[in-house]
Every structure is written in structure tokens, then in C-alpha cells.
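Me: Please take a close look at the disulfide bonding in this structure, and then at the charged side-chain pairs. I would like one connected account.

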Amino acid sequence: MHRSIVVRLLATSILVAVCAVVGTAWLAVETTTQAIRQEQGRSLADDRHVYDVLTGFAATHRGWDGVAPTLDQLAQRTGQRITLLTADRQPIADTHPGAWPTDRRPTATIDPLDGPDPRAVGPYRLTRDERALVRKWADGVLGCMQSHGAPGETVEEPTGRWTVRARSAAIGDIAAMSCGGVHYPERIQTEATALSDLERRVTRCLGSKRTVGIGPGFVTKEEPSPKLDACITSSRRDQLRPYVAPPALLYVGDPATSGEPEVFSLSGDNLASIAWVIGAVLTLTVAFTVLMGLRLVRPLRALTAAAGARQPMPVAGRDEIGHLATVLNDLAEGRDRSERQRKAMISDIAHELRNPTTNIQSWLEAAEDGVTPTDSHLLTLLLNETSQLSRILDDLRDLAAADAGTLRIHPEPMRLGDVLGVAVEAHRGAAEAGRIQLTTLFDPRTTVVADPVRLRQVAGNLLSNAVRHTPPGGTVALRADVTGPDLLIEVSDTGTGIAPDDLPHIFDRFWRADRSRGRNTGGSGLGLAIVRDLAGAHGGTVHAVSTLAAGTTVTVRVPAGPVSDTS
């Protein structure tokens with residue numbers, strides 16, 4: 001029994017459950033205590049700063065659009081989660097993901113019209129010309145004061161009005177005694193229009209037949225009264241409401257809970273409750289672990305029987321055992337698929353090797369029978385077929401090395417011109433023979449660190465494929481550039497293009513969009529597969545985009561290593 005996996009599983013599970021529950025309870029108490037201390041030590045200054053910044057935002061914007069960056073800056077400074085909801089608790093912005101705290105009491109209500117806030121100026125905001133006029137006046141008064149030994153400073157109010165503050169004496173006394181010649185625009189057009197509108201609103205509120213005069217600073221010559229003050233305040237709110245954001249509910253809390261801090265009282269009753277819960281959880285955990293251990297035996301035996309009979313694994317559920325059964329079924333399917341691919345690959349290899357060998361045999365038999373003279377032309381044909389056969393064998397060797405993980409690269413400093421230029425020149429004859437324009441766009445002096453042989457092979461395969469599928473009069477372009485840490489090699493053509501359904505398969509081995517094409521038009525189907533493996537050996541990637549009847553572009557991205565441009 002002591003060797004039974006069920007017994008060991010049960011013993012280990014019970015021990016883990018006991019340790020986990022006890023440790024969880026201890027951590028819960030410690031975490032709760034620490035949370036209380038953190039909540040009690042929260043800085044009120046941070047909360048006030050958040051409230052002031054958001055109130056200023058609301059006072060200067062007609063809505064809450066664009067408040068998210070401001071919330072993020074406040075959250076980064078305070079380390080708190082900050083949430084804004086509308087008055088009917090609809091989300092406006094939140095600095096952390098999670099549920100909206102719609103069932104909790106808000107930290108504060110952001111309402112720029114509560115007061116109203118001095119930054120809510122609305123129609124009282126001066127135009128640019130008016131601000132320049134008032135600034136000119138303020139600079140004149142300040143210069144006059146300074147010339148009489150009374151230092152001061154100019155301050156811009158939220159409305160754009162500039163005022164002068166004296167440091168040593170009242171500005172009114174100095175201006176009256178020494179600077180009385182400077183004219184101050186008491187009511188300029190913007191303020192006059194807004195104040196006239198406010199006067200009408202206040203008059204309606206008071207039910208007065210005589211217009212109540214209100215000057216800058218909302219000062220009136222009327223006899224002060226609570227009703228007059230209330231009417232001025234309510235009228236200002238109505239006047240400013242279209243220019244400010246609507247009221248919003250502010251929530252400031254811990255990012256983990258996004259709510260208000262709760263006060264926990266660890267009294268004797270609470271400790272007894274915790275102990276009772278720990279005991280109950282322990283009992284339930286042990287009972288549940290025993291039941292699960294017993295139930296675990298049944299599906300494991302079923303899996304063992306199915307595996308021995310080489311049958312599909314029964315997937316009894318969506319738990320770990322069900323997942324294991326699914327994985328085993330996938331492995332079996334993958335094994336069968338690999339076997340089918342192996343057989344298909346052997347057939348493809350035999351087919352690809354049959355063409356050149358059949359041609360060689362045919363020409364040799366013709367020469368032996370005296371049908372074809374043994375001359376330089378025959379030797380050239382045989383050499384071409386032998387070279388074709390050699391290229392196929394080299395491609396198969398590279399692919400086998402890639403499959404075995406033995407495909408090695410030897411990076412070294414190299415110039416693009418020495419590698420890509422050679423590849424271009426090697427295919428220029430074929431391009432000219434097909435009346436195809438072959439263009440390049442790269443700096444041949446650029447030096448990168450890569451395997452020059454493999455990189456030339458990549459460029460050659462791409463160019464060969466592009467030239468083969470480009471009709472006469474078309475264009476094949478090779479571009480290369482260093483972007484960041486990577487070297488990008490791009491070969492584009494104006495050929496026949498590839499259908500969207502075929503594009504994902506172009507890097508598969510022995511694949512052709514048209515299976516009826518022979519080697520003379522379709523190639524062996526190994527070139528792009530080798531490009532993919534060589535790019536992967538460099539730690540890079542390859543990607544292709546294509547449009548039917550428009551052309552194809554293949555992009556290879558590999559690490560460039562240290563880059564330099566030398567002459």
C-alpha cells in the first residue's frame with residue numbers, strides 16, 4: 001500500500017491541505033492587520049490633491065473626455081486606484097481594471113459648481129486681445145509702482161484678467177497717489193456681456209422690477225441679504241453649467257479592492273469565528289481530497305487500457321485527466337499525421353529525383369544507341385541535369401540538418417554588396433533572358449554580422465522564386481536595410497501572385513500552388529522552406545504578402561549584429 005500512488009496522493013494532499021489552510025489563515029490575519037495600518041496611515045493630503053486637480057479639470061472642460069491621462073498621473077503619484085463615475089454610476093474613467101465600485105460610497109463628489117470653483121469662468125474668459133489689453137495695463141501699473149519704490153508682481157486670474165499685487169503697500173493707495181494716470185479697463189466687452197446676463201438672471205431670481213447691478217468680482221451695490229447672495233450663487237451656477245463638466249462620483253482606494261477601506265475588529269468573537277472556519281475548511285478539504293483520490297483511479301485505468309489497445313483515449317471531462325486524454329489523442333493524431341507526411345515526402349522526393357535522373361538516363365541511352373551524337377551539347381545537357389540533381393540533394397541536406405537541429409550558421413562581419421550583390425548578379429542572366437527588370441535598393445557598404453553563405457542562399461532562393469513566377473516585362477526588386485537591431489531583406493515581384501488560401505502554405509516543403517506544374521515552371525518546392533529554416537537559424541523570421549495578378553513580396557528579418565557604414 002505504501003507504494004500505491006493513490007495512498008501517496010492522499011497523504012500528500014492532506015498534508016498540503018492542512019499546511020495551506022493554516023498558512024492561509026495566518027496570512028489572512030497578518031494581511032488584514034497590515035491593511036488596517038495602511039488604511040489608517042493614508043495621507044489626507046493626497047486625497048485633497050486628487051480632488052483639487054479633478055475639480056480644476058471639470059471647471060475648465062465641458063465634459064470628462066480626455067480625463068484618463070490626468071487620472072493616470074494622479075494614480076502614479078498616490079499609488080491608489082482612482083475611479084470616476086457619473087451621477088447615475090456609469091463609468092467615466094478608471095486607472096485600474098476591475099469591476100466598477102457601483103455599490104460603495106464615493107470618496108467625494110466632483111462638482112465645479114459647488115461654490116462655484118474659481119477656475120470655472122465660462123463666459124467670463126477674456127479673449128486674446130482683451131487679455132493683452134489688461135496685461136498691458138498691469139505691466140504699466142507695475143512699472144509705475146516699481147519706479148516709486150513699491151515692488152509688486154502681476155498675477156493672471158482664471159478669467160485671463162491680470163492684476164497687480166503689491167508687496168509692501170496697498171495697490172490702491174499707490175495707484176491713487178502716484179500712478180493715477182494709468183487707465184484700467186473696468187468692464188471690457190466679454191466681462192460686460194457675461195455680467196449683463198448674470199444681472200438679468202439675478203433680477204429674475206429676486207422677482208425685482210429694477211435691474212440689479214453687478215460689477216467685476218460679483219460685487220453689487222444692493223443691500224446685502226441672504227436671498228440676494230443665494231440668487232447670485234444659483235444664477236452663476238446656471239450661467240456656468242454649459243461650460244463645465246457634469247458632477248461625477250470620485251472613488252479613491254487601494255488598487256486591489258478599488259473601494260473604501262473597511263475597519264476590521266479582531267475581537268475574541270472574531271478570532272473564535274476564524275478558528276471555527278479553519279476547522280470546517282480542514283474537515284471539508286480532507287473529505288474532498290479522499291473522494292477525489294478514489295475517483296482518480298477510474299479514469300487513469302481507462303486511459304491505461306486505451307493506450308495499450310492503441311485506441312482513442314476516452315475524454316471523460318474537462319479536468320486535468322480529460323486534458324491529459326486530449327493531449328494523448330493529439331499526440332496519436334500527430335503521430336499518424338507525421339507518418340502520412342513522411343510517406344508523402346518520400347513520394348515527393350522520389351518524384352523530384354526522378355525527373356533529372358530520367359533525363360540523364362534518356363540522353364545516355366540515346367547516345368549509346370547512336371541516336372544522339374556525343375558532343376559538347378550532350379555534355380552540357382547532362383551537366384545541367386546533374387547540377388539540378390545536386391541542388392536538390394543540397395536542399396534536402398539542408399532541410400534534414402534543420403530537422404535534426406544541426407543546421408549551423410557562422411556569423412562574421414560582411415558587406416551587403418559582397419553577399420546580396422553576388423546573389424543579384426547570379427540571377428541577372430536568367431532575368432534578362434526572361435525580359436525581366438531586376439533592380440536593387442541597398443547600400444553595398446553597409447556592414448552587418450551574419451553568415452554570408454547562408455544569407456546569399458536566402459537571397460538567391462528568393463530571387464530565383466521571384467524570377468520564375470514573373471512574366472516577361474515584369475519587375476523583380478531586392479531591397480535591404482537595417483532597421484533597429486535587425487536586417488530586413490525584401491524581394492518583391494510583379495508576377496502572378498498567390499491566392500489567399502494558398503499563402504499560408506508557401507513555406508511548406510514540396511508545396512506548389514499548381515500541382516500540375518513541372519520543375520521547369522514550378523521549381524522543387526524547397527526554396528522557400530529553406531529560406532524559412534535559414535532565417536530561423538539566424539534567430540529571425542520570414543513573412544510574405546501577395547495579391548493575385550499583382551505580385552508577391554517576401555520579407556526576411558534577421559538580427560544584424562553591430563552595424564557600420566564604411567567606404
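Reply: A disulfide is counted here as a pair of cysteine sulfur atoms within 2.5 Å. The model is predicted, and a search of the whole structure finds one disulfide. Its partners are Cys205 and Cys231, with an S to S distance of 2.1 Å. That value lies within the 2.5 Å cut-off. The pair links distant parts of the chain, 26 residues apart. Cys205 belongs to helix α6, which covers residues 189-206, and Cys231 to helix α7, which covers residues 226-240. The torsion about the S-S bond of Cys205 and Cys231 is about -70°, so this disulfide is left-handed.

The two cysteines can also be described by their accessibility. Buried means under 20% relative accessible area, and exposed means over 50%. Cys231 has 3% relative accessibility and therefore counts as buried. Cys205, with a relative accessible area of 34%, is partly exposed.

Next come the charged pairs. Side chains of opposite charge can pair when their charged atoms come close. The count comes to 13 salt bridges, and one of them is formed by the side chains of Asp94 and Arg81, at 2.2 Å from N to O. Asp94 lies in strand β2 (residues 91-94) and Arg81 in strand β1 (residues 81-86), so this salt bridge ties together parts that are 13 residues apart in sequence. Arg81 is buried, at 3% relative accessibility, whereas Asp94 is partly exposed, at 21%.

A further salt bridge is formed by Arg445 and Asp443, whose closest N and O atoms are 3.3 Å apart. Arg445 has a relative accessible area of 41% and is partly exposed. Asp443 also counts as partly exposed, at 27% relative accessibility.

Asp533 and Arg532 form another salt bridge, with 3.5 Å between the closest N and O atoms. Asp533 has a relative accessible area of 17%, so it is buried, while Arg532, at 32% relative accessibility, is partly exposed. Elsewhere, Asp52, Asp117 and Arg119 are joined into one network by salt bridges that share partners.

To return to the disulfide, Cys205 in helix α6 and Cys231 in helix α7 are the residues to inspect. On the side of Cys231 the residue is buried, and on the side of Cys205 it is partly exposed.

Technical notes
Residues are numbered from 1 along each chain as its sequence is written. This is a predicted model: local features need pLDDT of at least 70, side-chain atom pairs count only at pLDDT 80 or more; totals for chains, interfaces and linings use all residues. Side-chain values use heavy atoms; hydrogens and water are left out. Helices (H or I, at least four residues) and strands (E, at least two) are DSSP runs, numbered from the N terminus. Buried means under 20% relative accessible area, exposed over 50%, partly exposed in between (1.4 Å probe, protein chains only). A salt bridge is a side-chain nitrogen of Lys or Arg within 4 Å of a carboxyl oxygen of Asp or Glu.
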